[in-house]
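Biologist: Could you take me through one part of this model close up? I'd like the polar contacts around a single side chain, plus whatever you'd say about the rest along the way.

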Amino acid sequence: ESNKRWVLWSRDIDSRCRTIPHLRTLQSTASKYGVDFNPLSTAYKRECFQYFMETALWVDAHPSQMVGQPVDIMSFDLLTLTLEELREPKAGEATMSVTKISDQNPEFNAILGWFTADFRGPAVGSLDTVVQLTTAPSSDGATHWGQQEFHVVPGIPADNGDVYTAKWEIRRQKGNQRLLEIDFDVDCVASQAADAAVGNPERSRKLRFQLN
């Protein structure tokens, strides 16, 4: 049995944005050498944004970076699962609570995903002890699977006690059936904050990512 899990995550992800300012190179090339690459800048900006900001990132997360408890979003019985079932788009809604937000960084700026696999044995003669393989964040470091970071830039302000829902849909990419595409619709549905966070557009995001 394989389970997919998500959790709200907080870390400094400014490094993801550092390549985009490299567009300044276009300006310096024009001033120093008289070569104008500006006609390429719009396409380059879009390419960089898609690659760095709209593509899930392999990460080795630490448990201290979690701002809430993980939630299961999908489960497969690999003993009975069919290829046809795997090919179908999947959708659902996860409810995630903020319980460990930091005063120094009162926001979450990513959703983190990973999987666990429970080895229960065949239907007949099942194992007495279930053996679990987990790729969850660990202080001992990640497996080679790591975790997938779906970054949220800018980050969403959050307070302990906030509750967020994430409606999600996963489907296969049109150009490559081995790769996935995922949509998130994140919204704050309960908050104790004084600024009446529920319904505040600053606490909502619609996101799309490629999983390559």
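Modeller: Quick bit of vocabulary: a polar contact here is a pair of N or O atoms within 3.5 Å, and within protein one of them must be able to donate a hydrogen and the other to accept it. With that in hand, go to Asp118, bearing in mind that this is a predicted model. The side chain of Asp118 has such a contact with the side chain of Gln132, at 2.9 Å. The Asp118 side chain is also joined to that of Arg120, this time at 3.4 Å. Asp118 itself sits in strand β5, which covers residues 107-119. The cut-off for buried is under 20% relative accessible area, so Asp118, with 10%, counts as buried.

Now for the open sheet. Four strands run in the order β4-β8-β9-β10, and the pairing is antiparallel. β4 (90-97) and β10 (204-211) are the edge strands; each has a single partner, so one side of each has no neighbour in the sheet. On average, neighbouring strands here are turned by 20° against each other, ignoring direction. β4 pairs with β8 (residues 163-172) over eight bridges, in the antiparallel sense, and Gly92 stands opposite Trp168 of β8.

How far to trust it? The protein chain averages a pLDDT of 82, and 83% of the residues score at least 70. Residues 12-21 fall below 50, though this stretch does have 18 contacts in the model beyond near neighbours in sequence. Where pLDDT is low, the predicted coordinates shouldn't be read in detail.

Key
Residues numbered from 1 in each chain as written. Predicted model: local features only at pLDDT ≥ 70, side-chain atom pairs only at ≥ 80, totals over all residues. Heavy atoms only, no water. pLDDT = per-residue confidence, 0-100. Contact = heavy atoms within 4.5 Å. Pairing = 2+ DSSP bridges. Helix = DSSP H or I, 4+ residues; strand = E, 2+ residues; numbered from the N terminus. Axes fitted to C-alpha atoms, helices over the stretch in contact; angles between N-to-C directions. Buried < 20%, exposed > 50% of the residue type's maximum accessible area, 1.4 Å probe, protein only.
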